[in-house]
Amino acid sequence: MHTISNEIIRIQVANKGAELQSIYNKQTSLEYLWSAGPEWPKKSPVLFPIIGELKNKQYTYNGNIYSLSRHGFAREKEFVLEAQTQNSLTFSLTSSEETKSVYPFDFIFRVIYRLEENRLIISYEVENKGEEEMYFSVGAHPAFALPLQPHLQFTDYYLQFDKKETTQRWPLTDDGLIKTTPTDFLVDTDKLPLHKDLFSKDAIVFKDLTSSTISIVSDASPHGVNVSFEGFPFMGIWNTKGGDFVCIEPWCGIADSENSSGNLEEKEGIMQLDADSKWSNTFSIEVF
């Protein structure tokens, strides 16, 4: 476990999955991450090289069939702590024969955590070390503890979007695939009251939000979270039965749809990176 802190916040990150384990505000004495438990054993897994589920749990590339589990393998791999400063941690995962048996690309994948006052800035970097184009997705899955204070309830909170939204929800099949027909969801509003029935049919998936910040707030408390994700085209909001948390998940990529061809190059939202090139993207978590 690795820890860094400044005057306001302290974070902890594990080598396994380069997974964030704690965001603690020293000024408010509040822990903002879910504590993990039997309802869901993760806290903030990193999603790479795919997001969500593959149709039939497999994909085709260059005529070969490969299998990957939901959200890819990075969250189960041991990362190397590549660099540490007073206010940053850099973790890396390098391709191996094991990863190439399910994902045939040479890469270095980095996850960088940096503190700036009451903000945690998280960057993902992908470096294509191979001699051909590389196809990948990257996403975040942080679970924020709700309620943040014991005298409150889950339903005391709502999601505040930084712009008014009129958008649809893309439902998921029982197998975790994106259905082909969306349903109306938000209509000219910037608020989504939270209640666990919202997640009775799995995650809320958005493809076309205009907002670039979603906040978790309560009228009964001054404390909450801002998640800013400009440059991430997809968004998932999730809770599991019995879990006292809500996940706000910025994604560069998305699960396969029901009518997916299974070809990696044709996968919706897939990122493409030229040989010997780098890609990066950043989002932030501000606690108050």
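The following turns go through strands, cores and aromatic rings in a predicted model.

Visitor: What confidence and atoms do the values rest on?
Guide: Residues are numbered from 1 along each chain as its sequence is written, and side-chain values use heavy atoms, with hydrogens and water left out. In this predicted model, totals for chains, interfaces and linings use all residues, local features need pLDDT of at least 70, and side-chain atom pairs count only at pLDDT 80 or more.

Visitor: Which residue of strand 2 is the bridge partner of Thr3?
Guide: Strands here are DSSP runs (E, at least two residues), numbered from the N terminus, and two strands pair if DSSP finds at least two bridges between them. Strand 1 and strand 2 (residues 9–13) pair in the antiparallel sense over four bridges. They form a hairpin with three residues between them. Within strand 2, the bridge partner of Thr3 is Gln12.

Visitor: Which residues of strand 1 point to one face and are buried?
Guide: Buried means under 20% relative accessible area, exposed over 50%, partly exposed in between (1.4 Å probe, protein chains only). Side chains alternate along strand 1 (residues 2–5), with Thr3 and Ser5 on the face that is not buried. The buried ones, pointing to the other face, are His2 and Ile4.

Visitor: Which strands stand at the edges of the open sheet of nine strands?
Guide: The order in this antiparallel sheet is 8-9-10-11-23-19-18-15-16. Each edge strand has a single partner strand, so one side of it is left without a neighbour in the sheet. The edges are strand 8 (80–85) and strand 16 (183–193).

Visitor: Which strand gives the most to the largest nonpolar core?
Guide: A nonpolar core is a set of buried Ala, Val, Leu, Ile, Met, Phe, Trp, Tyr and Cys residues joined through side-chain atoms within 4.5 Å. The largest has 75 residues, and Phe48, Phe109, Tyr113, Tyr124 and Ile237 have the most contacts inside it. With five residues, the strand that gives the most is strand 10 (residues 107–116).

Visitor: Why does the pair of Tyr59 and Tyr66 count as stacked?
Guide: Rings of Phe, Tyr and Trp (its six-membered ring) pair if their centres lie within 6.5 Å; planes under 30 degrees apart count as stacked, over 60 as edge-to-face and the rest as tilted. The structure holds 24 aromatic pairs. In this one the centres are 5.4 Å apart, and the pair is stacked because the planes stand at 20 degrees.

Visitor: How far from the ring centre of Trp170 is Lys207?
Guide: A charge sits over a ring if NZ of Lys or CZ of Arg is within 6 Å of the ring centre and within 35 degrees of the ring normal. Lys207 lies over the face of Trp170, at 3.6 Å.
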